Amino acid sequence: MNKYEIITHTGEETMEFSKQLGEVLQAKDVIVLEGDLGAGKTTFTKGLAKGLGVKRVVSSPTFTIIKEYQGRLPLYHMDVYRVQGSEEDLGFDEYFYGDGVTVVEWAHLIESQLPEELLKISLYHVGDTTRKIVVEPIGSRYIQLCEELL
């Protein structure tokens, strides 16, 4: 399985990369975000939202679990950090297989509920503002997407 690494030196560069990704996403695409605390998962999602044509300000859904935004496709932004250990069905399938794009922060906490195919993106601190972004396509849709984008 291919993994792609990108180094960004500023939050703006991270947002520009994710904006380009957002421009080519389709309904039912699922992006999972992992990595270091404070490495830019929400910053990444802000760029993705721009690429999807979202006009509203994107913020972390830490205390609400899911925030929805309207653009050329709906964007479902989830932060599942607070649902850790919950076996309760929170209706994630409605989002994963719905008419929008789903972004899940801390997705490993709900791994058993995730679709089999998705795009895993991990962000790591390299310096004060420098980040290493590791993109791992899981499934043919995402392999093709990465080959085109990267």
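In what order do the elements of the chain run from the N terminus on? In this predicted model, for which local features need pLDDT of at least 70, side-chain atom pairs count only at pLDDT 80 or more, and totals for chains, interfaces and linings use all residues, the order is β-α-β-α-β-β-α-β-β-β-α. The secondary structure comprises four helices and seven strands, taken as DSSP runs numbered from the N terminus (helices, H or I, at least four residues; strands, E, at least two). Residues are numbered from 1 along each chain as its sequence is written, and side-chain values use heavy atoms, without hydrogens and water.

The radius of gyration, taken over C-alpha atoms, is 14 Å, which agrees with the value near 15 Å for a compact globule of 150 residues (2.2 Å times the number of residues to the power 0.38). The C-alpha trace spans about 40 × 35 × 30 Å along its principal axes.

Of the 150 residues, 51% are buried (under 20% relative accessible area, 1.4 Å probe, protein chains only). The largest nonpolar core, a set of buried Ala, Val, Leu, Ile, Met, Phe, Trp, Tyr and Cys residues joined through side-chain atoms within 4.5 Å, has 43 residues. Leu21, Ile31, Val80, Leu119, Ile121 and Val135 have the most contacts inside this core. With neighbours within four places in sequence left aside, Val80 is in contact (heavy atoms within 4.5 Å) with Phe92, Val104, Glu105, Trp106, Ala107, Leu109 and Ile110. Among contacts between residues at least 6 apart in sequence, 63% join residues at least 24 apart.

Technical notes
Buried < 20%, exposed > 50% of the residue type's maximum accessible area, 1.4 Å probe, protein only.
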